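Colleague: I'd like to go through this model with you and hear the reasoning behind the labels. Can you show it to me first?

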Amino acid sequence: MDRSVDEKRPSLTARARERRPLLLVVPAGLLLAAFLAYPLQGILRESFQRDGGIGLLVEDTYYLERGWFTLWQATVSAALTLLLAVPLAWLLACHAFPGKRTIEAVLMVPFVLPTIVVAVAFSALVGPSGVANDLLTRIPGIEEPPIRILNTVWAILLAHVFYNVAVAGRIIATGWRGLDSRVEESAAMLGAGPAARFFLITLPALRNSLLAAASLVFLFCFTSFGVVLILGGPQFGTLETEIYRESLFLFRLPVAGALALAQLVVTFAAIVINARLQQATPQRTEARSTTPWDRKSAALGAAILALLLLLTAAPMAALVERSFHGGDGYTLRYYTMLDDNVRGQALFVAPIEAVRNSVVFALATVAVALPVGTLAAIGSVRARSTLAEALVQLPLGVSSVTLGLGFLVTMDQPPLNLRESPALVVIAHSLIAVPFVTRTVSARLRSLDPRLRDAAAMLGAGPARTFFAVEAPLLKGAIGVAAVLSFATSMGEFGATLLIARPEYPTIPVAIFRYLGQPGALNYGQALAMSTVLMAVTGSTFFLAERLVRVRTGGVS
Amino acid sequence: MTGLSVRGATFRAGGREILSDVSLDVVPGETLALLGPSGCGKTTLLRIIAGLEAPSAGVVAFDDRDVSNSPPHRRGFGMMFQDHALFPHLDVGANVEFGLKRARWPEPRRRERVQELLDLVGLPGFERRRIDRLSGGERQRVALARALAPEPRLLMLDEPLASLDRSLRERLAGELREILGRLAIPAIYVTHDQAEAFALADRIAIMNSGRVTRVGRPSEVWEHPETEFVARFLGMGNVVSGEREPDGWVRTAFGRFGPVAGPAGPARLLLRPEGVTLVTAPGDGVAEGIAEAVAFGGERTTVTLTAGGQRVEFSLPSSAELPARGEPACVSVPQIQELAQ
């Protein structure tokens with residue numbers, strides 16, 4: 001026997017061996033400490049200053065009204081989203097139909113679109129000179145644009161539903177697939193009709209999934225920035241847009257900080273509730289068999305699908321159409337002008353520079369977030385540390401404008417004087433991307449049979465060797481998806497970037513926003529063209545990710 | 001070369017003692033079956049020996065050297081897992097070759113060895129097959145080939161046949177026995193199936209709630225189960241209580257059996273299944289009761305007798321004049337043993 005026991009190694013107790021993987025979480029921990037905890041501490045200090053801050057907040061009813069409106073619109077958005085998401089979940093969980101995978105992917109596209117693109121797309125669809133009004137005014141007898149929802153709360157709510165319906169539908173569908181169909185069948189044997197079965201059996205059983213979906217949509221809408229800023233106009237401020245206004249235009253950082261704190265309390269509560277509910281949802285792996293169609297349910301299903309596809313496709317189609325639409329017919333002008341640097345325009349640089357900046361920032365974000373997030377996932381899953389895992393998810397609870405504000409108040413002086421550096425944008429984007437990377441990788445890691453590692457160890461492979469020879473090949477797909485996700489996150493990030501990006505390094509979303517702020521059809525046209533480009537980039541990265549998920553090797557049950 | 005020696009292995013988790021002070025030895029060339037109901041700690045013991053789990057107390061030694069502090073990949077032990085744990089991203093050949101690469105075998109020898117092992121387990125030419133294209137039995141064979149390839153100094157098998165259907169299980173058990181018999185290393189075979197343990201093992205260790213309660217050759221254990229747990233676990237459930245009389249005979253609700261030496265007082269008796277026959281009259285050494293159930297089972301029929309609230313079952317030839325349900329019946333029991341509580 002040539003393999004003898006190596007006794008020169010220092011003997012480690014099993015407990016210490018179990019803790020050792022936590023070292024892999026250290027890079028993520030350092031990133032969070034320097035660029036999340038430290039900025040938040042800055043906001044906290046700012047908001048408790050003598051003149052203003054928290055004190056001003058409770059005295060002035062203006063801020064209370066803003067807070068109330070923020071809560072109200074997020075709640076209504078979540079409710080409206082669920083109204084459409086439940087029928088979608090029913091289709092996804094209970095029925096098979098041709099092109100299901102493709103349709104599901106198409107419906108998911110809005111969720112991966114940057115919020116600024118969503119906002120611009122809706123203005124292209126329902127704005128005064130949008131596609132819908134354009135078509136309607138061609139009908140004889142209609143002179144004025146009949147749809148006037150821009151700068152009303154309806155535009156905000158509609159965009160929020162558009163943005164969230166598919167992801168909410170997916171969450172509910174997952175819970176629905178986990179329901180034992182025999183329970184409904186036995187209810188049917190006891191005389192319950194389809195409606196009674198749905199309301200008495202299915203809906204109560206879906207309670208956790210519904211609440212999980214609702215709390216997630218609430219969270220997104222509560223901190224929604226681009227949509228509210230652009231579609232709502234000045235009279236519909238939420239906490240998020242208010243923080244932005246206070247810090248960039250009114251320079252009242254204490255007030256902005258106090259608003260950010262109030263917002264943080266709500267977002268963390270929503271996250272905790274959401275995490276609890278997701279844990280409580282039983283994960284059944286066996287697929288529920290699909291129900292065959294009868295005439296009634298097929299008609300209903302087709303109607304739901306048509307409505308959802310219309311809601312999804314219309315704004316995107318309108319965006320593309322308007323980006324080629326000049327005052328007098330179709331034109332490529334808005335695209336060809338993207339590399340012109342006209343003096344005195346919205347930007348200091350040619351618009352094409354913004355595209356280049358965005359790509360460079362996105363690649364840099366992948367380079368930072370992917371290794372940091374992957375290591376954190378491996379470390380926390382190996383050490384079975386739910387605390388470490390929760391810690392890495394913390395940035396999810398901090399809205400992007402709050403993050404930007406935190407950087408504004410702390411990164412302009414030692415020890416971290418990065419205000420002038422474009423690296424600050426990459427850091428902000430990475431911070432936002434790391435939780436997604438960690439989630440994606442750790443979910444896959446957990447789905448692997450733990451005995452594969454044991455088997456590798458029994459065959460003489462140490463921890464590092466086991467990782468590279470067994471786990472890494474099985475994680476390839478998930479890491480690919482995580483890379484695509486962090487790329488798309490960076491490309492679309494708007495709130496934080498708007499606060500911290502230097503004028504000479506605008507990104508695509510910032511450039512779009514600047515164009516929107518300028519008068520004239522040409523500026524608006526350029527905004528449409530850039531939004532179309534950004535939609536194409538993020539949309540195609542999403543389809544790439546879907547493909548990666550589909551082709552990833554070795555599904556282990 | 002003294003093989004494996006475990007001393008005082010104890011494992012506590014979540015305030016519960018899963019293993020209590022377990023000691024056992026396995027010498028080279030010997031196969032020891034760890035037999036016990038699920039949850040008795042046999043898999044935990046196996047994982048402690050492998051180094052995949054650290055004991056709360058106790059020592060694992062191999063060839064008189066303490067290996068307790070070596071990580072699993074440095075112990076040189078081989079393990080075949082329940083459900084096999086084959087690497088899904090590697091083909092059959094690469095799975096078998098995995099351990100050879102870790103042990104730095106040179107390339108030509110590796111290829112030779114993979115073929116040799118695949119021949120041994122009856123899968124020649126399977127090198128390039130994908131794992132998800134294999135049947136359950138084929139996976140089991142690949143798992144065995146993979147565990148044996150790097151010439152481990154100890155082989156452990158954790159319920160290797162549990163996930164297979166019955167006919168396949170019986171055939172593979174025979175083949176496993178032959179392969180294990182040819183190995184010159186100690187082997188440990190974990191199972192909850194006593195037939196499998198009898199067929200494969202040179203010695204059996206029966207475990208119950210974290211302790212090894214009985215160790216011996218299969219025939220020894222069968223002939224002298226000694227405790228009620230072991231007797232019941234081996235499928236001998238006819239345990240009755242009674243009172244020992246001064247002449248050494250034990251009076252039970254079914255009749256008198258004996259004699260078994262011992263002081264007068266309460267005693268537990270095992271009515272062994274061997275050589276039982278239907279008789280017409282009660283008497284000493286005959287169990288008398290009401291035939292509560294008569295279950296036809298092909299060649300033999302199981303008759304359940306009750307008396308004084310206790311129940312015993314006898315397997316009798318179906319050809320005999322069997323009692324009808326509810327009628328009294330008498331069965332002669334030639335072999336009895338006293339059991340410890």
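Colleague: What stands opposite B:Leu34 in E9(B)?

Modeller: B:Ala205 does. Keep in mind that this is a predicted model.

Colleague: What makes strand E3 (residues 31-35) and strand E9 (residues 203-208) of chain B a pair?

Modeller: A pair needs at least two bridges. E3 and E9 of chain B have four, in the parallel sense, so they count as paired.

Colleague: Which sheet are they in, and in what order do its strands run?

Modeller: An open sheet of six strands in chain B, ordered E6-E7-E8-E3-E9-E10, with mixed pairing. Neighbouring strands are turned by 20 degrees against each other on average, direction ignored.

Colleague: Why are E6 and strand E10 (211-216) of chain B said to stand at the edges?

Modeller: Each has a single partner strand, so one side of each is left without a neighbour in the sheet.

Colleague: And what lies across E6 and strand E7 (154-158) of chain B?

Modeller: Helix H4 (residues 136-148) of chain B, running at about 175 degrees to E6(B). Angles here go from 0 to 180 degrees between N-to-C directions, so helix H4 and E6 of chain B point in nearly opposite directions.

Colleague: Why is B:Asp63 called partly exposed?

Modeller: Buried takes 20 or more other C-beta atoms within 10 Å, exposed 12 or fewer. B:Asp63 has 16, so it falls in between. B:Asp63 sits in the loop between strand E4 (57-62) and strand E5 (65-66) of chain B, and its phi is near 45 degrees, a positive value in a residue other than glycine.

Colleague: How do you know which label B:Asp83 gets?

Modeller: By the count again: 17 C-beta neighbours inside 10 Å, so B:Asp83 is partly exposed too. Phi is positive here as well, near 60 degrees, and B:Asp83 is in the loop between strand E6 (77-80) and helix H2 (92-102) of chain B.

Colleague: What makes the side chains of strand E19 (residues 328-332) of chain B alternate?

Modeller: B:Ala329 and B:Val331 point to one face and are buried, while B:Pro328, B:Cys330 and B:Ser332 point to the other and are not.

Colleague: How do you know that E19(B) pairs with strand E16 (residues 286-297) of chain B?

Modeller: Five bridges in the antiparallel sense, against the two required, so the pair qualifies. In E19(B), B:Cys330 is the bridge partner of B:Glu288 and also of B:Val279. Strand E15 (residues 277-279) of chain B is joined to E19(B) by three bridges, again antiparallel.

Definitions and conventions: Residues numbered from 1 in each chain as written. Chains lettered and ligands numbered in written order. Predicted model: local features only at pLDDT ≥ 70, side-chain atom pairs only at ≥ 80, totals over all residues. Contact = placed C-beta atoms within 7 Å.
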